[in-house]
Amino acid sequence: MNPLAAVLDYHRLFTFLQSRYADRLVLTFAQIEDLLGFPLPAPARVEPAWWALAAAGAAPSVQSQSWTGASRTATVNLSARTVLFERGAG
């Protein structure tokens, strides 16, 4: 996959998160998919690591750039199929 195309795929999520005033937002997987315009990949539904930040020194994932660029963290609840996007302090 073209790296630029991959970043652009998640840009709608970044834009949505960036434009919200609330410090905490909970979105369902379905709401995220509606924003993106495509289904989340299978690992997003079963692997908490898909939602995690990159380890120190590692390149951030394309998807995590959408919420970190909006100054948020992502905390997934796989059983509820939701993600808490929380604005970082500072």
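The following questions and answers go through how parts of this predicted model are classified.

User: Why is Ser 66 called buried?

Analyst: Ser 66 has a relative accessibility of 3%. Buried means under 20%, so Ser 66 counts as buried. Ser 66 is found in helix 5.

User: What surrounds Ser 66, leaving aside its neighbours within four places in sequence?

Analyst: With those neighbours set aside, Ser 66 is in contact with Tyr 10, Leu 13, Phe 14 and Leu 17.

User: What makes the approach of the Ser 66 side chain to the backbone oxygen of Gln 63 a polar contact?

Analyst: The distance is 2.5 Å. The cut-off for such a pair of N or O atoms is within 3.5 Å, so the approach of the Ser 66 side chain to the backbone oxygen of Gln 63 is a polar contact.

User: How do you know that strand 1 and strand 3 are paired?

Analyst: Five bridges join strand 1 to strand 3. Pairing needs at least two bridges, so strand 1 and strand 3 pair, and they run antiparallel. Within this pairing, Leu 27 has Val 83 of strand 3 as its bridge partner.

User: What about strand 2 and strand 3?

Analyst: Strand 2 and strand 3 share six bridges. Set against the requirement of at least two, they are therefore a pair, in the antiparallel sense. Here Thr 75 stands opposite Leu 84 in strand 3.

User: What makes strand 1 and strand 2 the edge strands of the sheet?

Analyst: The sheet is open, with three strands in the order 1-3-2 and antiparallel pairing. Strand 1 and strand 2 each pair on one side only, and they are the edge strands. On average, neighbouring strands of this sheet are turned by 20° against each other, direction ignored.

User: Which helices lie on this sheet, and at what angle to strand 1?

Analyst: Helix 2 (residues 11-18) lies across strand 1, strand 2 and strand 3, running at about 145° to strand 1. Helix 3 (residues 29-36) also touches strand 1, strand 2 and strand 3, and its direction makes about 90° with that of strand 1.

User: Which residues of strand 1 are on its covered face, and which on its uncovered one?

Analyst: Leu 25 and Leu 27 make up the covered face. Arg 24, Val 26 and Thr 28 make up the uncovered one.

User: How do you know that the buried residues of helix 3 line one face of the helix?

Analyst: The buried residues in helix 3 are Phe 29, Ile 32, Glu 33 and Leu 36. Seen down the axis of helix 3, they fall within an arc of 100°, so they line one face. An α-helix has 3.6 residues a turn, so residues three or four places apart point the same way. Just after helix 3, Gly 37 takes a positive phi of about 85°.

User: Why is the pair of Tyr 10 and Phe 38 called edge-to-face?

Analyst: A search of the whole structure finds six aromatic pairs. In the one formed by Tyr 10 and Phe 38, the centres are 5.6 Å apart and the planes make 85°. Centres within 6.5 Å count as a pair, and planes over 60 degrees apart as edge-to-face, so the pair of Tyr 10 and Phe 38 meets both conditions.

User: What does this pair tie together?

Analyst: Tyr 10 lies in the loop between helix 1 and helix 2, and Phe 38 in the loop between helix 3 and helix 4, so the pair ties together parts that are 28 residues apart in sequence. Tyr 10, at 10% relative accessibility, counts as buried. Phe 38, at 24%, counts as partly exposed, because the class of partly exposed runs between 20% and 50%.

User: What makes Trp 50 and Trp 51 an edge-to-face pair?

Analyst: Their rings are 4.6 Å apart centre to centre, with 75° between the planes. Set against the limits of 6.5 Å for a pair and 60 degrees for edge-to-face, Trp 50 and Trp 51 therefore qualify. Trp 50 is buried at 11% relative accessibility, and Trp 51 is buried at 2%.

User: Which residues do ring pairs link into a cluster?

Analyst: The cluster consists of Tyr 10, Phe 29, Phe 38, Trp 50, Trp 51, Trp 67 and Phe 85.

User: Why is Ser 71 called partly exposed?

Analyst: Ser 71 has a relative accessible area of 46%. Exposed means over 50% and buried under 20%, so Ser 71 falls in between. Ser 71 sits in the loop between helix 5 and strand 2, and its phi is near 60°, a positive value in a residue other than glycine.

Definitions and conventions
Residues are numbered from 1 along each chain as its sequence is written. This is a predicted model: local features need pLDDT of at least 70, side-chain atom pairs count only at pLDDT 80 or more; totals for chains, interfaces and linings use all residues. Side-chain values use heavy atoms; hydrogens and water are left out. Helices (H or I, at least four residues) and strands (E, at least two) are DSSP runs, numbered from the N terminus. Buried means under 20% relative accessible area, exposed over 50%, partly exposed in between (1.4 Å probe, protein chains only). A polar contact is a pair of N or O atoms within 3.5 Å; within protein, one must be able to donate a hydrogen and the other to accept it, and residues adjacent in sequence count only if both atoms are side-chain atoms. Contact means heavy atoms within 4.5 Å. Axes are lines fitted to C-alpha atoms, for helices over the stretch in contact, and angles run from 0 to 180 degrees between N-to-C directions. Rings of Phe, Tyr and Trp (its six-membered ring) pair if their centres lie within 6.5 Å; planes under 30 degrees apart count as stacked, over 60 as edge-to-face and the rest as tilted. The arc is that of the directions from the helix axis to the C-beta atoms.
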